[in-house]
2 protein chains.
Amino acid sequence: MDNHQRIQAFVTTLNARDWTAFGALLHENVLYEVPQTRELVRGREGYLDFNMTFPGDWSLKAVRVIADDLRGCAEITFLVSNQLMPAVAFFEFEAGLIVRITDYWPDSYEPPARTSQFVERLEPELAQRPA
Amino acid sequence: MDNHQRIQAFVTTLNARDWTAFGALLHENVLYEVPQTRELVRGREGYLDFNMTFPGDWSLKAVRVIADDLRGCAEITFLVSNQLMPAVAFFEFEAGLIVRITDYWPDSYEPPARTSQFVERLEPELAQRPA
């Protein structure tokens, strides 16, 4: 399994609540961090518990995964209590296991005023995001 | 130049306002999108103008860059009017040029209530983020 496949497996086993397979991807000393909230979870046991107790009804899928031999990242779409939420996760690996996860949850916001006349703004429907 | 180097050059030339070198990295039909605001800019001329007119006093540096032969992503720290703002950008390449940029600006927020006892919360000082 390469790091690209490990990230794909991270997403699919988490989505399946397959805690055995999910836990097998994690280093015992995995560090999980959310810079936006300054939350931090240290260690596999704690990170498993964090996910098992994650609030809401949720599912996820990877939109894209990019990885090299040491690190990787994924753009992920979460469906949380019927709301679509994008997430971006960075991964670091050690001895074939995920040793660090940096998680971002970018929420919608109103853009600042732009002086460029080249900026379009799409309708809220996600389907209108160009292919 | 490989895609990892192209992303590094994207960040350094943008930071330097070296619009000639920055523009040389971009495909004529580059598509820039911000899913959080639903903003969209089509084409090199427009994307250059968008950056030249970007509000505030800003500088940026790449925290990490991950790339393969087709795509890449970067975790970037922006300093905008003395405020540190993390950003994550995904890149797609065509014929050695950046053809699509998907930009995320994840702002700070208060986390939801957690039932796991394993979650720590760091003090606001960025310096306390563990190495």
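E2(A) and strand E7 of chain B, residues 119-121, pair in the antiparallel sense over three bridges. Strands are DSSP runs of at least two residues, helices (H or I) runs of at least four, both numbered from the N terminus. Two strands pair if DSSP finds at least two bridges between them. Within E7(B), Arg121(B) is the bridge partner of Glu39(A).

This is a predicted model, in which local features need pLDDT of at least 70, side-chain atom pairs count only at pLDDT 80 or more, and totals for chains, interfaces and linings use all residues. Residues are numbered from 1 along each chain as its sequence is written, and chains are lettered from A and ligands numbered from 1 in the order in which they are written.

**Confidence**

The model scores ipTM 0.89 and pTM 0.91. Chain A averages a pLDDT (the predictor's confidence in each residue, from 0 to 100) of 93, and 95% of its residues score at least 70. Residues 127-131 of chain A fall below 50. Beyond near neighbours in sequence, that stretch has five contacts in the model. Two residues are in contact if their C-beta atoms, placed from the backbone, lie within 7 Å.

**Symmetry**

A turn of 180° and a shift of 0.0 Å along the axis lay chain A on chain B with an RMSD of 0.0 Å. The superposition is by least squares on the C-alpha atoms of residues with pLDDT of at least 70 in both copies. The two copies are therefore related as by a two-fold rotation axis. In chain A, Pro106(A) has the C-alpha nearest the axis, 2.1 Å from it. Both copies use the same surface: 100% of the contact residues of chain A recur in chain B.

**Interface**

Chain A puts 45 residues in contact with 45 residues of chain B. These elements of chain A each give two or more residues to its side of the interface:

| Element of chain A | Residues |
|---|---|
| strand E2 | 39-42 |
| helix H3 | 44-52 |
| strand E3 | 58-67 |
| strand E4 | 71-80 |
| strand E5 | 83-94 |
| strand E7 | 119-121 |

E4(A) gives the most, with four residues. By class, this side has 24 nonpolar, eight polar and 13 charged residues. Ala, Val, Leu, Ile, Met, Phe, Trp, Tyr, Cys and Pro count as nonpolar, Asp, Glu, Lys and Arg as charged, and the others, Gly among them, as polar.

**Val65(B)**

Val65(B) sits in strand E3 of chain B, residues 58-67. Val65(B) counts as buried because it has 23 C-beta neighbours inside 10 Å. The cut-off for buried is 20 or more other C-beta atoms within 10 Å, for exposed 12 or fewer, with partly exposed in between; C-beta atoms are placed from the backbone. Not counting residues up to four places away in sequence, Val65(B) touches His4(B), Ile7(B), Gln8(B), Gly72(B) and Ala74(B). His4(B) is 61 residues from Val65(B) in sequence, yet 6.5 Å away in space, C-alpha to C-alpha.
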